[in-house]
Amino acid sequence: MLSSAVIVFREVLEAALIVSILLAATCGLPRRTLWIGAGLIAGLAGACIVALFAGSITSAFEGTGQELMNASILLIAVLMLAWHNIWMSHHARELVAHMKNVSAKITDGSLPLYFLAVASGMAVLREGSEVVLFMYSVTASGSSASSMMTGSILGVIAGILVGRLIYSGLLRIPTARLFQYTGWMILLLAAGLAASASGYLMQAGILPYQAPLWDSGALLSEKSITGQLLHILIGYQERPTAIHLIFYLVTLCTIIAGMRWVGHRSNLRLQNSGA
Amino acid sequence: MKKLLIAALFATSTTAMAAETRFEISIKDHMFSPAEVTIPANQRVKLVVSNEDATPEEFEGEDFTLEKVIPGNSKATIMVGPFEPGRYEFVGEFHEDTAKGVLIVE
């Protein structure tokens, strides 16, 4: 029972962390719960479909279908998180004003926030399909099915609880600083996901195989709780290759550049309208 | 800097592409057979893992980075290495108690 709880918890944790950080990062944004909720439901439905067609996905593209799908899901999530951060560097100030004083208007607040739905949906899709496959696997294997199932459900609940805790913790950050902190978190998260995507592309043979630059598994295993958390939050890998590092750094720099550029432009506009 | 990195990437890829050696592993009753596979060092190796159970399994490297779900009653091709000589453990993550295996690289 415990082993199945741990496996499911590990899978759920990544999705739960991404969603809770997104929720905190969009605090005060009108209808963001709706968008994120819709993404979650679509992601869950998608996860079941992916699990159902796991066989055909695995054998697709000469046996690399699974890796290609995982890489695509991750890269789409990266794109959406990048979009979120760049969008926020334009709107964060209005949001802070809005949270301090509800009457302050959020321009574009009624705009569809597709990126929130897609980002949370992708997070659930990837991890969810593995949870569904695992649960199917334990229920179908007979003997200890019910205790394994109980464990799995406990794992799901524990994962969601940790997400919930992180969310409450983030909301304790003073409003003026909240979006700055969540922005940095999402930045590192996105860079880590991009590095993971490159791993799948290497596994599929699209990117060349490389020997790891180092192995810090003995120091901090990716399977330990700390290792797992750091893997999700900042993209820690125990055996990174040069390609992992390149993907990580390029994503990091591109998003920062985008945020700076948009932030600079909206500053200029504010100055002009103030003058 | 960027050009240098790209050049480095292609340099490593050409050596890795050379020859492929193929090994078969099957999964039955959530156990790998053979559970010990000896593969050549410093070479890209193809593992054909056939899951003969009705349930899916996730092939996961313990001492190398690899994760692949293998649905029930199906085969998956997994490329590993090139590795330095040594022992590289792997597990079936969905049944970690019984599904254990090791690549012995010589």
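B:Pro82 sits in the loop that joins strand 7 to strand 8 (86–92) of chain B. The peptide bond leading into it, from B:Gly81, is cis, with omega near 0°. A second cis bond runs from B:Ser33 to B:Pro34, with omega near -5°. B:Pro34 also has its place in a loop, between strand 2 (31–33) and strand 3 (36–39) of chain B. Helices (H or I, at least four residues) and strands (E, at least two) are DSSP runs, numbered from the N terminus.

This is a predicted model, in which local features need pLDDT of at least 70, side-chain atom pairs count only at pLDDT 80 or more, and totals for chains, interfaces and linings use all residues. Residues are numbered from 1 along each chain as its sequence is written, while chains are lettered from A and ligands numbered from 1 in the order in which they are written.

**Chain A as a whole**

Chain A has nine helices and zero strands. Its pattern along the sequence is α-α-α-α-α-α-α-α-α. The C-alpha trace spans about 70 × 40 × 35 Å along its principal axes. What radius of gyration does chain A have? The value is 20 Å, which agrees with the figure near 19 Å for a compact globule of 275 residues. This radius is taken over C-alpha atoms, and the globule rule is 2.2 Å times the number of residues to the power 0.38.

Of the 275 residues of chain A, 45% count as buried. A buried residue has 20 or more other C-beta atoms within 10 Å of its own, an exposed one has 12 or fewer, and a partly exposed one falls in between; C-beta atoms are placed from the backbone. Now take contacts in chain A with a separation of 6 or more: residues 24 or more positions apart account for 82% of them. Two residues are in contact if their C-beta atoms, placed from the backbone, lie within 7 Å.

**Helix packing in chain A**

Two packed helices are described by the angle between their axes and the distance between the axes. Axes are lines fitted to C-alpha atoms, for helices over the stretch in contact, and angles run from 0 to 180 degrees between N-to-C directions. Helix 7 (residues 175–203) of chain A packs with helix 1 (residues 2–25) of chain A at an angle of about 150°, with the axes 9 Å apart. The two helices are therefore roughly antiparallel. That word applies to angles over 145 degrees; those under 35 count as roughly parallel, 65 to 115 as roughly perpendicular and the rest as oblique.

Helix 1 of chain A brings A:Ile18, A:Ile21, A:Ala24 and A:Ala25 to this contact. From helix 7 of chain A come A:Phe179, A:Thr182, A:Met185, A:Ile186 and A:Leu189. By class, the contact has eight nonpolar, one polar and no charged residues. Ala, Val, Leu, Ile, Met, Phe, Trp, Tyr, Cys and Pro count as nonpolar, Asp, Glu, Lys and Arg as charged, and the others, Gly among them, as polar.

Helix 7 of chain A also meets helix 4 (residues 65–100) of chain A, with axes that come within 8 Å and cross at roughly 170°. Helix 4 of chain A is thus roughly antiparallel to helix 7 of chain A. Their contact divides into 23 nonpolar, seven polar and two charged residues.

**Three residues of chain A**

| Residue | Place | Other C-beta atoms within 10 Å |
|---|---|---|
| A:Arg31 | loop between helix 1 and helix 2 (32–52) | 15, partly exposed |
| A:Glu62 | helix 3 (residues 54–63) | 9, exposed |
| A:Ile232 | helix 8 (residues 225–234) | 22, buried |

Most residues other than glycine have a negative phi, and most peptide bonds are trans. A:Arg31 has a positive phi of about 60° although it is not a glycine. A:Glu62 has a positive phi too, near 55°.

Which residues does A:Ile232 contact, leaving aside its neighbours within four places in sequence? They are A:Leu13, A:Glu14 and A:Leu17. A:Ile232 and A:Leu188 are 44 residues apart in sequence, and their C-alpha atoms are 9.0 Å apart in space.

**Where the chains touch**

In the contact between the chains, 24 residues of chain B meet 25 residues of chain A. On the chain B side, two or more residues each come from helix 1 (2–17), strand 6 (67–70) and strand 7 (74–80). Helix 1 of chain B gives the largest share, six residues. This side of chain B divides into 13 nonpolar, six polar and five charged residues.
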